[in-house]
Amino acid sequence: MKKKLLYVVGAVVAVVFIPLIALAGDDNVPPITNALVQEECSACHFAFQPAFLPALSWQVMMQNLDDHFGEDASLAPGPLAEIEAYLVENSKRRGLVDVDNPPQRITELRWFTQEHNEREVRQMRERNNVKSLLNCVACHRGADRGIYDDD
Ligand code: HEC
Ligand code: HEC
C-alpha cells in the first residue's frame, strides 16, 4: 500500500522535474576512469558511462550478467565486484527509480527517446552509416570522453 502511493507520487514528481532537468542542459557525463570497466564493458558495445543509469539499475544488471540481453557476459567474482562498485559509485544520482523495475536500457529512458527522435536519428544514420543507436561514439565523437553536446 505504502509502496504504491510512493510510486504514484514518484510519477508525478518525475513528470514535473524531468523536463526541468532536461532543460538545464546537463548533457555531458564524466568519462570512465576505471580500466577494468572500460575493457570488460566495451567488448561487445560502446562502454556506456555509469552516470546514465541509477545505482539500482547497475546492481540488478551486474547480478544477471549470465543473461545480459540474451548474451552471457559473466565475470569472475573479483572483477565483477570491482566493476559493480565503480558503476554504483558513479551512477546517476538524480531522479526517482521504480524499485521494482529499475531501467536496464539507457535507450528506453524518456530523455533518450526525446533527444533521439526518429527523424533526426534517421538523418544521422543515413549520413554516418550507423547501424545501432548503441554505437554512441559513431554520432557523438566525444562520447568516450563523456561529451555529447558538441555536434
Ligand atoms: C558478451 C557481450 C557483452 C558484454 C561483455 C557486455 N555487454 Fe552490455 N549488452 C550486450 C548486448 C548484446 C546488449 C543488447 C544490445 C542491443 O539491444 O542491441 C547489451 C546492452 C547493454 C545495455 C543497454 C543498452 C541500451 O541502452 O539499450 C547496457 C546499459 C549494458 N549493455 C551495459 C554493459 C556493462 C556495464 C557491461 C560490462 C559489465 C556490458 N554491458 C558488457 C552485450 C554485452
Ligand atoms: C545515429 C546517431 C546517434 C547515436 C548512435 C546516438 N546519438 Fe545521441 N544524439 C543524436 C542526435 C541527432 C541528438 C540530438 C541533437 C543534439 O543535440 O546533438 C542526440 C542527443 C544526445 C544527447 C543530448 C545532447 C544535447 O546536446 O542535448 C545525449 C546526452 C546523447 N545524445 C547521448 C547518447 C548516448 C548515450 C548514445 C548511445 C547509447 C547516443 N546518444 C547515440 C544522435 C545519436
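# A guided tour of a two-iron helical chain

Among contacts in the chain between residues at least 6 apart in sequence, those joining residues at least 24 apart make up 63%. Keep that figure in mind as you click around this predicted model.

**Stop 1: the whole chain**

Start with a cartoon view. You will see seven helices and zero strands, so there is no sheet to look for under the helix and strand rules used here. Along the sequence the pattern reads α-α-α-α-α-α-α. Now switch on the surface: the accessible area of the chain comes to about 10400 Å², and carbon and sulfur atoms account for 56% of that. Of the 151 residues, 26% count as buried.

**Stop 2: the iron of ligand 1**

Select ligand 1, then add His45 and His68. Both histidines coordinate the iron atom through NE2, at 2.0 Å. Turn on angle labels if you like: the six donor atoms around this iron subtend angles of 89 to 180°, which makes the arrangement octahedral. For reference, ideal angles for six octahedral donors are 90 or 180 degrees.

Where does the pair of histidines sit in the chain? His45 is in the loop between H2 and H3, while His68 is in the loop between H3 and H4, so the two link parts of the chain 23 residues apart. Colour by accessibility next. His45 counts as partly exposed at 27% relative accessibility, whereas His68 counts as buried at 15%.

While you are here, step along to Phe69. Phe69 has a positive phi of about 55° although it is not a glycine. This residue is also placed in the loop between H3 and H4, and its relative accessible area of 43% makes Phe69 partly exposed.

**Stop 3: the iron of ligand 2**

Move to ligand 2 and display His116 and His140. Their NE2 atoms coordinate the iron atom at 1.9 to 2.0 Å. Around this iron, too, six donor atoms subtend angles of 89 to 180°, so the arrangement is octahedral. His116 lies in the loop between helix H5 (110-115) and helix H6 (118-128), and His140 in the segment after helix H7 (136-139), so the pair ties together parts that are 24 residues apart in sequence.

Are these two histidines buried or exposed? His116 is partly exposed, with a relative accessible area of 21%. His140 is buried, at 17%. The dividing value is 20%: buried means under it, which is why the two residues fall in separate classes.

**Stop 4: the aromatic cluster**

Select Phe52, Trp111, Phe112 and Tyr148 as sticks; ring pairs link these residues into a cluster. How many aromatic pairs does the whole structure have? A search finds four.

Zoom in on Phe52 and Trp111. Their rings form a stacked pair, 5.7 Å centre to centre with 20° between the planes. Phe52 lies in the loop between helix H2 (35-40) and H3, and Trp111 lies in helix H5, so the pair ties together parts that are 59 residues apart in sequence. Phe52 is buried, with a relative accessible area of 9%, and Trp111 is partly exposed, at 28%.

Now rotate until Tyr148 comes into view beside Phe52. This pair is edge-to-face: 5.3 Å centre to centre, with 80° between the planes. Tyr148 is in the segment after H7, and its pairing with Phe52 in the loop between H2 and H3 links parts of the chain 96 residues apart. Both Phe52 and Tyr148 are buried.

**Stop 5: the nonpolar core**

Keep Tyr148 selected and add Met62. These two have the most contacts inside the largest nonpolar core, which has 22 residues. Helix H3 (55-62) and helix H4 (77-89) are the elements that give two or more residues to this core. The largest share, four residues, comes from H4. In soluble globular proteins, nonpolar side chains tend to be buried together.

Which residues does Met62 touch, leaving aside its neighbours within four places in sequence? Show Leu80, Ile83, Glu84 and Leu87, and you have its contacts.

**Stop 6: one last backbone angle**

Finish at Asn129, in the loop between H6 and H7. Phi of Asn129 is near 55°, a positive value in a residue other than glycine. With a relative accessible area of 55%, Asn129 is exposed.

Definitions and conventions: Residues numbered from 1 in each chain as written. Chains lettered and ligands numbered in written order. Predicted model: local features only at pLDDT ≥ 70, side-chain atom pairs only at ≥ 80, totals over all residues. Heavy atoms only, no water. Donors = N, O, S within 2.8 Å, 3.2 Å for Na, K, Ca; no water. Tetrahedral: all angles 85-135°; square planar, octahedral: opposite > 155°, others 65-115°. Buried < 20%, exposed > 50% of the residue type's maximum accessible area, 1.4 Å probe, protein only. Core = buried A, V, L, I, M, F, W, Y, C linked by side-chain atoms within 4.5 Å. Contact = heavy atoms within 4.5 Å. Phe/Tyr/Trp six-rings, centres within 6.5 Å; stacked < 30°, edge-to-face > 60°. Areas by Shrake-Rupley, 256 points an atom, 1.4 Å probe, with all protein chains shown as cover.
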